[in-house]
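Visitor: I should like to learn how a helix may be read within a fold. Please begin with its buried side.

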Amino acid sequence: MSLPPTLQPYADAWTHSIEAISELVQPLVEGEWNRRTPCPGWSVRDIASHVIGMDCEMLGDPRPIHTLPRDLFHVTNEHQRYMEMQVDVRRHHTAPEMTSELEYTIIRRNRQLRNESRDPGAKVRGPLGTEQTLEEAMRYRAFDVWVHEQDLRAALGRPGNLDSPGAYITRDELLAALPKVVEEAGAPAGSATVFDVHGPVEFLRTVRLDAEGRGSIDSAPSLGPTVSLTLDWETYVRLACGRVPADVVADRIKAEGDPELTAAIFLAFAVTK
């Protein structure tokens, strides 16, 4: 049985990234699992635990019954607390336990995808008791595993796959959030902000605010933008996913236009929770 056409790209992207993650962690010795990653507060083991846990939830497994420690400085809201549960419960797992659970989870998820017969609009369980469509859930899994694959690559010094299938799903996910970023930055009504991104994934997008200050995005350039930002794809992802503040990568960003609005845009730029 083949997946509906709208779901197949997400399944393909998830498969590509999850297999890359498996390949990255398989040869690691015990100490390497404790390496810090760009994801705030999470080690290599924590990233793998999160990926395992979220895919177990896609399988319908019950969430672990576990009490989080009170000293996790990177956990500051309910969404993070929800995500941390699957991570903290595995913090003392050994390398062989981690790789075997990851492999078993991949096998189960592949079987689930092969047999998937639900409609893309079918409701499934989301974080914090929310509901989302199957299509939304699969799109977010493809986005999530690609971003975490990049976290692992950064931690392990193994760059790659910046233009893999998951990269393009990530691009679309991040671009969908750009109008809200510019709105929250306080851009004036009627303004235009241009984002020119180069590298393995390239695009030029303009966020325009209407007379009421509502943002929309298109691919047409603006002749007189209030702000114009030029940066490479990897830096764009790191900023948009909250992996690095703009001042740390200032040498990789060319900013033109209103400096106060530019600073406000970068303060609002991280769209992952």
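Guide: In helix 4, the buried residues (under 20% relative accessible area, 1.4 Å probe, protein chains only) are A95, M98, T99, L102, T105, I106, R108, R109, Q112 and L113. This is a predicted model, in which local features need pLDDT of at least 70, side-chain atom pairs count only at pLDDT 80 or more, and totals for chains, interfaces and linings use all residues. Residues are numbered from 1 along each chain as its sequence is written, and side-chain values use heavy atoms, without hydrogens and water.

Visitor: Why do residues three or four places apart point the same way in an α-helix?

Guide: An α-helix has 3.6 residues a turn, so residues at that spacing share a direction. In this structure, M98 and L102 are among the buried residues of helix 4.

Visitor: Against which helices do the buried residues of helix 4 pack?

Guide: Packing is read from contacts, meaning heavy atoms within 4.5 Å. The partners are helix 1 (8-25), helix 2 (44-58) and helix 5 (134-156).

Visitor: How far does helix 4 reach from its first C-alpha to its last?

Guide: The expected span is 1.5 Å times one less than the number of residues. Helix 4 (residues 95-114) has 20 residues and reaches 29 Å, close to the expected 28 Å.

Visitor: What share of the residues of the protein count as buried?

Guide: Of its 273 residues, 49% do. Moreover, among contacts between residues at least 6 apart in sequence, 65% join residues at least 24 apart. The C-alpha atoms fill a box of roughly 55 × 40 × 35 Å along the principal axes.

Terms used
Buried < 20%, exposed > 50% of the residue type's maximum accessible area, 1.4 Å probe, protein only. Helix = DSSP H or I, 4+ residues; strand = E, 2+ residues; numbered from the N terminus.
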